[in-house]
Amino acid sequence: MLHFNKLGDQGGEAVAASTAFPMLQTLSLSHNNLGAEGLRALVASANVATLKSLNVSFNKLGDEGAKALGADAMKIQALERLSLRKTGLTAQGVEALVASTKMKHLRELNVRQNALQADGAKVLAASPNVASLQSLDLGLNKLGDAGVKALVTSQALLKLQTLILYWNDIEVE
């Protein structure tokens, strides 16, 4: 774990270039000033192809970071756990992420404290590439009633066992 450092994009690129851990399965780079460029370099490296769990929370990744994770260049083949908490993600980033078939192995997704709103929830709920999700944290995303309705009526999230939706502007009608 390398969280709570100041690696930045250069640090992400350095981790990507390292051949020291050819069987690495868990990598946490949260709170590291990592940007989309550093993440793009990291996930495009064959040196992280064995990762099962990636935590890049609390970095300024934005939608470009999510696009990097969903891109064809991403070398991680069987990612099971992904944490993108408070990374500046919007519905556009979620759309790029879940459009990728590389997300088919994902079991846990944490996108808490972003700006997904109802559109982000709708995109996520409609994607067949998230059908393996068992845990989904969408807290603090201003999903509203429309976003929650999309989630609870989704046919793509039938394996979900844990759903976190606190502070999402939900009203009981």
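**Buried side chains, one helix and a ring pair**

Biologist: Is N114 buried or exposed in this model?
Modeller: The model is predicted. Buried means under 20% relative accessible area. N114 has 10% relative accessibility, so N114 counts as buried.

Biologist: Where is N114 found, and which backbone oxygen does its side chain reach at 2.9 Å?
Modeller: N114 is in the loop between β4 (108-110) and α5 (117-126). A polar atom of its side chain lies 3.3 Å from the backbone oxygen of R112. At 2.9 Å, the side chain reaches the backbone oxygen of L84.

Biologist: Which residues is N114 in contact with, leaving aside neighbours within four places in sequence?
Modeller: Leave those neighbours out, and a run of names appears: L84, R85, K86, T87, G88 and L89 are among the contacts of N114. The list also includes L140 and N141.

Biologist: K102 is buried; which side chain of opposite charge is nearest, and how many Å away?
Modeller: K102 sits in the loop between α4 (91-98) and β4. A salt bridge needs the charged atoms within 4 Å. K102 has no salt bridge. The nearest side chain of opposite charge is D72, at 5.8 Å.

Biologist: What lies 3.1 Å from a polar atom of the K102 side chain?
Modeller: Not counting residues up to four places away in sequence, K102 touches A71, D72, M74, I76 and Q77. One of these, D72, also supplies a polar partner from its backbone. The atom at 3.1 Å is the backbone oxygen of D72.

Biologist: Why do the buried residues of α6 line one face of the helix?
Modeller: In α6 (residues 144-152), the buried residues are G144, G147, V148, A150 and L151. Seen down the helix axis, they line one face because they fall within an arc of 155°.

Biologist: Which residues are exposed on the other side of α6, and what covers its buried residues?
Modeller: On the other side, K149 and V152 are exposed. The cover over the buried residues includes α5 and β5 (135-137).

Biologist: How many aromatic pairs does the structure hold, and what is the angle between the planes?
Modeller: The structure holds one aromatic pair. Y166 and W167 form it, at 6.3 Å centre to centre. The pair is edge-to-face, with the planes at 75°.

Biologist: Which counts as exposed, and which as partly exposed: Y166 or W167?
Modeller: Exposed means over 50% relative accessible area. Y166 has 36% relative accessibility, so Y166 is partly exposed. At 68%, the exposed residue is W167.

Note on methods:
Residues numbered from 1 in each chain as written. Predicted model: local features only at pLDDT ≥ 70, side-chain atom pairs only at ≥ 80, totals over all residues. Heavy atoms only, no water. Helix = DSSP H or I, 4+ residues; strand = E, 2+ residues; numbered from the N terminus. Buried < 20%, exposed > 50% of the residue type's maximum accessible area, 1.4 Å probe, protein only. Polar contact = N/O pair within 3.5 Å; in protein donor to acceptor, adjacent residues only side chain to side chain. Contact = heavy atoms within 4.5 Å. Lys, Arg positive; Asp, Glu negative; His and termini not counted. Phe/Tyr/Trp six-rings, centres within 6.5 Å; stacked < 30°, edge-to-face > 60°. Arc of directions from axis to C-beta.
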